[in-house]
Every structure is written in C-alpha cells, then in structure tokens.
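Visitor: I am new to this structure and would be grateful for a close look at a single part of it. Please describe how the strands there are paired and connected.

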Amino acid sequence: MRTLPARDGPILTAISFMPDGRTLISGGSNHEVTFWAAGSGRVMRTLRFAEPVWWTAASPDGKLLAVQTGPLNGASNRIELVRLSTGAGLQSHPLPYAAGGVEFSRDGRELVALGCSDTGPASRLSGWGVRTGRPLFNL
C-alpha cells in the first residue's frame with residue numbers, strides 16, 4: 001500500500017485505474033488530472049482542464065480518457081473526451097446539474113454520463129457515440 005501526496009487540490013473526487021491496472025488516475029478541484037505509476041507512486045503525467053475534475057474513466061483499450069468537469073457549485077458539468085497519446089480534446093458535451101459519474105461501455109463504443117440534481121428529483125443520464133460524438137440518448 002502507498003499514500004500519495006495531495007496534488008489535485010483540496011478536494012479530490014476523481015479516482016480510477018487505467019485498464020492495465022498499473023496506472024492510477026486522480027483529479028480534483030485544482031482542474032488537473034494526475035496519472036500515477038501505481039507501483040512506485042511516481043507522477044507520470046498531468047492534464048489540465050478549464051474547471052474542477054469530478055470523475056474520470058479510461059476507455060477499455062486505454063487510448064481515451066473521459067473527464068467530467070464542472071464548477072464547485074454544481075450548476076452544470078461537461079464531459080471532455082481526450083486522446084491520451086496526445087492530450088488532445090476530441091469531444092466536449094454539456095450536461096445539466098452536478099457531476100454524477102462518467103463511464104465507457106464495455107466495448108468502448110459508447111460513453112455515458114450522469115448529471116445529478118440535489119435540489120429536486122431531476123437528473124440527466126446521457127450517452128454519446130465515442131467515434132462520432134453523436135448523442136445516443138438523454139433520459
């Protein structure tokens with residue numbers, strides 16, 4: 001076991017692994033995502049985003065990263081899809097309400113995200129095609 005130093009701001013909310021299990025991904029209120037070597041605890045890479053990072057998910061093939069970002073007040077959030085080899089943004093999707101999670105389908109062809117409202121019964125579950133960015137559903 002290992003304790004990693006705080007790097008992602010005073011609020012750390014995003015934590016996930018790359019599919020190979022050797023890289024830990026963390027993100028938080030300082031607008032950054034940090035990639036850690038799980039074995040050594042060494043920082044391998046950092047990506048910066050426009051808003052605080054709430055959730056992260058790596059695609060099953062390890063080539064893409066989905067990042068759910070949004071303001072601290074939780075009024076809305078965005079889903080950013082990034083190519084890991086270059087750090088280039090591929091898609092950006094707005095989603096109402098506070099960040100509630102993001103995940104790839106098992107085959108990596110769809111991306112789904114949840115926006116949660118803490119002021120009422122409203123929430124939004126949305127899906128997009130990973131290759132095209134085309135909306136698949138809004139529930």
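Guide: In this predicted model, strand β6, residues 64-69, pairs with strand β7, residues 76-83, in the antiparallel sense, and six bridges link them. Within this pair, L64 stands opposite R83 of β7. The two strands form a hairpin, with six residues lying between β6 and β7. In that turn, G74 has a positive phi of about 70°.

Strand β7 also pairs with strand β8, residues 89-96, again in the antiparallel sense, here over seven bridges. In this second pairing, V82 stands opposite G89 of β8. A hairpin is formed here too, with five residues between β7 and β8. The turn holds G87, which has a positive phi of about 80°. Strand β7 thus has a place in both pairings, with β6 and with β8. As a general point, side chains in a regular strand alternate between the two faces of the sheet.

For context, another part of the model may be set beside this one. An open sheet of four strands follows the order β1-β2-β3-β4, with antiparallel pairing. Its edges are β1 (12-17) and β4 (43-48); each has a single partner strand, so one side of each is left without a neighbour in the sheet. On average, neighbouring strands of this sheet are turned by 20° against each other, direction ignored. Inside the order, β2 (residues 23-28) and β3 (residues 32-37) run antiparallel and are joined by five bridges. There, T23 stands opposite A37 in β3.

Note on methods: Residues numbered from 1 in each chain as written. Heavy atoms only, no water. Pairing = 2+ DSSP bridges. Axes fitted to C-alpha atoms, helices over the stretch in contact; angles between N-to-C directions.
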